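Let's take a walk through this protein together, with the chain in view. Please have your viewer ready.

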Amino acid sequence: MDYFFSPMACSFAGHVIILEASLPIKMQPVSLLRKQTSDGLAFETISTKSQVPVLRFDDGRILTENSVVLQVLAEMAPEFGHLPARSSPNGQATLEWLNFVASELHKHCLYPIFTKGVPAEVQAWAKVNLGTKLAFVSKRLSHTPYLAGNAFSVADAYFGWALMLTLRGGLWEPKGDLLAYWGRLLERPAFIAAMENEEELFNQFA
Ligand SMILES: N[C@@H](CCC(=O)N[C@@H](CS)C(=O)NCC(=O)O)C(=O)O
């Protein structure tokens with residue numbers, strides 16, 4: 001099985017889950033600028049969407065869409081509790097947060113801010129919106145250590161990526177409950193290992 005990811009892109013979340021659960025998956029870096037895999041293949045030949053993440057199964061089938069890929073990765077090692085049972089309140093909250101990060105934070109805020117060619121007014125609007133959304137998450141994190149309760153889940157891996165990007169871009173001044181949460185993420189060896197590995201690959205594969 002292969003996992004196609006690009007350094008510091010949203011595929012970071014799956015990288016964390018793969019490391020944390022020691023999943024036997026081959027990591028395949030992709031340059032999104034060149035749209036090329038590390039073997040020099042056109043990324044389009046792997047996935048016509050040309051977006052990360054892509055999970056490729058041993059039979060050649062591929063799966064895309066971060067929120068879904070994360071759930072599938074979590075189900076490969078359920079003992080880690082990265083995705084509580086969907087029928088449980090924590091499981092439902094995990095899905096709710098996954099969707100929030102994908103739609104409200106990733107595509108609504110981060111995508112316009114970090115995509116070249118987006119009009120300045122749209123970027124300014126996205127930055128204001130980002131501040132509002134982060135303030136909302138911070139308030140929720142004053143009740144629980146992680147998004148969906150007391151345990152780290154796939155939603156935290158995805159939101160952790162959003163926070164990392166926001167920090168790298170100087171778009172968030174770390175403080176309060178969100179800063180405490182960020183500190184909890186940094187206590188996770190897999191989170192740190194994924195960050196260090198992707199920083200190292202960044203210049204070659206951005
Ligand atoms: N709907 C996709 C979007 C994934 C996505 O936007 N990936 C970005 C990196 S964070 C990407 O591949 N960008 C390159 C592009 O859109 O051409 C998902 O949720 O997985």
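What follows goes from the domains to the pocket, and then to a few local details.

Keep in mind that this is a predicted model. A good place to begin is the division of the chain into domain 1, residues 2-80, and domain 2, residues 89-190. If you place a point at the C-alpha centre of each domain, the two points lie 21 Å apart. The contact involves 15 residues from domain 1 and 15 residues from domain 2. Between them, the domains bury about 1400 Å², with 70% of that area on carbon and sulfur atoms. Against this background, one salt bridge is counted between domain 1 and domain 2.

Which side chains meet in a salt bridge at 2.7 Å, N to O? They are those of Glu20 and Arg188. Glu20 belongs to helix α1 (residues 12-20), whereas Arg188 sits in the loop between α6 (176-186) and α7 (189-205), so the pair ties together parts that are 168 residues apart in sequence. The count of salt bridges comes to six.

Now turn to the empty space. Rolling a probe the size of a water molecule over the atoms shows where such space is left. The largest pocket has a volume of about 1000 Å³. Its lining is made up of 35 residues, and the closest to the pocket centre are Ala9, Cys10, Leu32, His106 and Tyr111. Three elements give two or more residues to this lining: α2 (66-76), α3 (89-114) and α5 (154-168). Of these, α3 supplies the largest share, nine residues.

Where does the largest pocket lie with respect to the domains? Domain 1 and domain 2 both contribute residues to its lining, so the pocket lies between them. For anyone thinking about chemical character, the lining has 19 nonpolar, 10 polar and six charged residues.

Finally, two spots in the backbone deserve a look. Most residues other than glycine have a negative phi, and most peptide bonds are trans. Val52 and Pro53, however, are joined by a cis peptide bond, with omega about 0 degrees. You will find Pro53 in the loop between β3 (36-37) and β4 (54-56). The other spot is Ser22, a residue other than glycine whose phi is positive, near 45 degrees. Ser22 is in the loop between α1 and β2 (26-31).

Conventions. Residues are numbered from 1 along each chain as its sequence is written. This is a predicted model: local features need pLDDT of at least 70, side-chain atom pairs count only at pLDDT 80 or more; totals for chains, interfaces and linings use all residues. Side-chain values use heavy atoms; hydrogens and water are left out. On a 1 Å grid over the protein atoms alone, a cavity is a set of points where a 1.4 Å probe fits but cannot get out, and a pocket is an open set with protein on both sides within 12 Å along at least five of seven lines; lining residues have an atom within 4 Å of a point. Grid points are joined across faces, edges and corners, and a volume is the space filled by probe spheres set on the points. Helices (H or I, at least four residues) and strands (E, at least two) are DSSP runs, numbered from the N terminus. Ala, Val, Leu, Ile, Met, Phe, Trp, Tyr, Cys and Pro count as nonpolar, Asp, Glu, Lys and Arg as charged, and the others, Gly among them, as polar. Domain bounds come from an automatic or database domain assignment. Contact means heavy atoms within 4.5 Å. Buried area is the accessible area (1.4 Å probe) that two parts lose on being put together, summed over both. A salt bridge is a side-chain nitrogen of Lys or Arg within 4 Å of a carboxyl oxygen of Asp or Glu.
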